[in-house]
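Morning, everyone. A quick look at strands today, and how they pair up. Let me put the model on the screen.

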Amino acid sequence: MTYYPNGDPNGANDGFPGSLFAAGHEWEHLVSEISIPVPVISSAKNLDDLNTATTLQGFHDIFNVKNLEIPRTDLEYLPKQGSQTGGKLYLCWGAHFQEDNDLTHGWCE
């Protein structure tokens, strides 16, 4: 999971800007973007008092790890670096048994 400071630009001006990108599913490691809801402290300890995150972008296959045995993944958002035109979502992945020439890193926008 990684914090994206420019995410959810149409969300409420609530002092909690940005969104989260997260990888999910045990084998497929699809990625989605979710909102960051305003934190709530429920003095009654009632779950119904808490705000709920919403999906901003549904799950996408950016890793292409469907054929990996016991895949591992990680995400990180970084603002533009050097001559890049914008920030990127950096990703890495690997398998339980990694081969020497397997691709393991990439980025997307």
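One term before we start. Two strands count as paired here if DSSP finds at least two bridges between them. And keep in mind that this is a predicted model.

Start with the sheet built from 4 strands. The order is β1-β2-β3-β4, the sheet is open, and the pairing is antiparallel. Which strands stand at the edges? They are β1, residues 2-4, and β4, residues 55-60. Each has a single partner strand, so one side of each is left without a neighbour in the sheet. As for twist, neighbouring strands here are turned by 20° against each other on average, direction ignored.

Now go inside that sheet. β2 covers residues 19-24, and β3 covers residues 30-35. How many bridges join β2 and β3? There are 6, in the antiparallel sense. Pick out alanine 23: its bridge partner in β3 is valine 31.

A general reminder: strands of a sheet pair through backbone hydrogen bonds, either parallel or antiparallel.

On to the other sheet. This one has 3 strands, in the order β5-β6-β7. It is open, with antiparallel pairing. The edges are β5, at 72-78, and β7, at 105-108. Each of these has a single partner strand, which means one side of each lacks a neighbour in the sheet. Neighbouring strands in this sheet are turned by 20° on average, again ignoring direction.

Last stop, β6, residues 88-94. It runs antiparallel to β7, and 4 bridges join the two. What stands opposite leucine 91 in β7? Glycine 106 does.

That's my tour. Over to you.

Notes. Residues numbered from 1 in each chain as written. Predicted model: local features only at pLDDT ≥ 70, side-chain atom pairs only at ≥ 80, totals over all residues. Heavy atoms only, no water. Axes fitted to C-alpha atoms, helices over the stretch in contact; angles between N-to-C directions.
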